Amino acid sequence: MRPDGFDLVVRNARVATAADVFGCDIGIVGGRIATLGDGLPRGECEIDAAGRIVTPGGVDAHCHLDQPMAPPVRMADDFDTGTRAAACGGTTTVIPFAAQHKGGSLRDAVVDYHHRAEGKAHVDYAFHLIVSDPTPTVLADELPALIAEGYTSFKIYMTYDDLKLDDGQILDTLAVARQYGAMAMIHAENADCIEWLTRKLEAAGRTAPRFHAHARPMLVEREATHRAIALAELVDVPILIVHVSGREAVEQIRWARGHGLQVHAETCPQYLFLTAEDLGIDDSYQGARCVCSPPPRDKANQQVIWDGLADGLFTVFSSDHAPFRYEAPEGKKPGGREVPFRHIPNGIPGIETRLALLYSEGVLGGRITLERFVALTATNPAKAYGLHPRKGTIAIGSDADLVIWDEREFVLGNSRLHHAVDYTPYEGITLRAWPGVTLAGGEVVWDGERFHPRAGRGRFLACAAPMLRPRRG
Ligand code: URP
Ligand code: ZN
Ligand code: ZN
């Protein structure tokens, strides 16, 4: 801390928050924003934003990094490469998942995940939990203790054999969220419907990647979304439905909001920029690159998601970065083989491209305001998961996590990205903006051309209680 002056002044910024856009200089001391004002005295270092837009560093509240998988599958990104990619794409806080194994302890999962992160992260991080085995000990002891220690959100799966909870288990787990003030995130897809459809497709020899979308039609998401809302209503607890893909789930969420229920919603770039056709229009294996759940839908559903981003239905815009290499025996070709869609690791990379995609097509495309962009990508996730106002805004006292935007057109290619994945689903898309500078805690981590590594710069953030109320209607 230098009481006599600023460590850094970002001059001539056009600052965007979730509430306003205004011009000022940003004075930074000790990694935090010390002053916002015009004509600040010279700092030890200076960056001239030259009237460019400056937004809070992104908070990616749904990403998967170095999450243990069943062999041979392994995630390509750990906390080093994953947070490197995040920083280069303007994201300065990540919240990946410490996942309990069925039969294992939640506490052990958290301890293990800290080991995976420590000394590696380039940006700050918090953890969500994944509750896959809500035993009496987990519900009565482990979960309440972990919530008190700053792990104030957890994900509940309604699908995937190794993760899913039945309705009774969901009710028990939601009751803990209510009692201790945690945020429950729900992956809403009906597991039995998916299994039934998958078996029928397999019996007919339809096992190419594109049939993944046939096994997970929108009704399986709609039914599970409806059920999740009903279960949350029964317990009287807020929930957040993650990775909402299209109209039928959106309708359920609008219905819930209209009835005064506290149902938050998240969506992701894949539901704006991909369609089921990206999983293949024939039986080629290339589509495995875009296999994720729920699957991308169609153009009409993309528009429904845009509308929900514009009108406040969605609280949070996350990447759901789930990094698996395509040409790899630990990735999309498990054991080195092109496998039936049931066995393709689910998920796509996107931690680095999340902000630029939404800024380019959302803000510059005239679909959402700049304030809404900031709310969706930084402020709301920070509030939803108890990190605000330290994270997610540009205010005195907040961490100096900032993005200075460069608005220029270019064609996106995987070669310019910094993740450890060998493809991007957005190859060839024309973008109109990219972060020109990313500051994390007042340090330049990305200067528009080069990444400035400092593994261990990123620190663990204990989360406070969630503090968001969704809009009605
Ligand atoms: O397909 C996806 N979304 N994979 C990541 C895990 C999850 O369910 O979010
Ligand atoms: Zn999920
Ligand atoms: Zn996910």
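This briefing introduces two zinc sites and a small group of strands in the structure above. The model is predicted. Two zinc ions, ligand 2 and ligand 3, are 4.1 Å apart. An open sheet of 3 strands is the other topic here.

**The zinc ion (ligand 3)**

- Three residues of the protein act as donors to this ion: His62 through NE2, His64 through NE2 and Asp320 through OD, lying 2.0 Å from it.
- The site of ligand 3 is tetrahedral, and the angles among its 4 donor atoms run from 90 to 122°. As a yardstick, the ideal angle for four tetrahedral donors is 109.5 degrees.
- Along the sequence, the donor residues of ligand 3 follow the spacing H-x1-H-x255-D.
- Distant parts of the chain are linked here by the pair His64 and Asp320, which are 256 residues apart. His64 is in the loop between strand 6 (58–60) and helix 1 (79–88), while Asp320 is in the loop between strand 15 (316–317) and helix 11 (354–363).
- His64 has a relative accessible area of 5%, and buried means under 20%, so His64 counts as buried.
- Asp320 is buried too, because its relative accessibility is 8%.

**The zinc ion (ligand 2)**

- Lys155 (NZ), His187 (ND1) and His243 (NE2) coordinate this ion at 2.1 Å.
- For ligand 2, the spacing of the donor residues in sequence reads K-x31-H-x55-H.
- His187 belongs to strand 12 (residues 183–187), whereas His243 sits in the loop between strand 13 (239–241) and helix 8 (247–258), so this pair ties together parts that are 56 residues apart in sequence.
- Buried or exposed: which describes His187 and His243? Both are buried.

**The open sheet**

- The 3 strands of this sheet come in the order 6-7-9, and their pairing is parallel. In general, strands of a sheet pair through backbone hydrogen bonds.
- Which strands are at the edges? They are strand 6 and strand 9 (124–125), each of which pairs on one side only.
- Strand 6 is joined to strand 7 (residues 91–94) by 3 bridges, and the two run parallel.
- Within this part of the sheet, Asp60 stands opposite Val94 in strand 7.
- Helix 11 packs on the sheet, where it touches both strand 6 and strand 7. The direction of helix 11 makes about 120° with that of strand 6.

**Where the topics meet**

- Strand 6 and helix 11 each border a loop that holds a donor of ligand 3: His64 in the one case, Asp320 in the other.

Notes. Residues numbered from 1 in each chain as written. Chains lettered and ligands numbered in written order. Predicted model: local features only at pLDDT ≥ 70, side-chain atom pairs only at ≥ 80, totals over all residues. Heavy atoms only, no water. Donors = N, O, S within 2.8 Å, 3.2 Å for Na, K, Ca; no water. Tetrahedral: all angles 85-135°; square planar, octahedral: opposite > 155°, others 65-115°. Helix = DSSP H or I, 4+ residues; strand = E, 2+ residues; numbered from the N terminus. Buried < 20%, exposed > 50% of the residue type's maximum accessible area, 1.4 Å probe, protein only. Pairing = 2+ DSSP bridges. Contact = heavy atoms within 4.5 Å. Axes fitted to C-alpha atoms, helices over the stretch in contact; angles between N-to-C directions.
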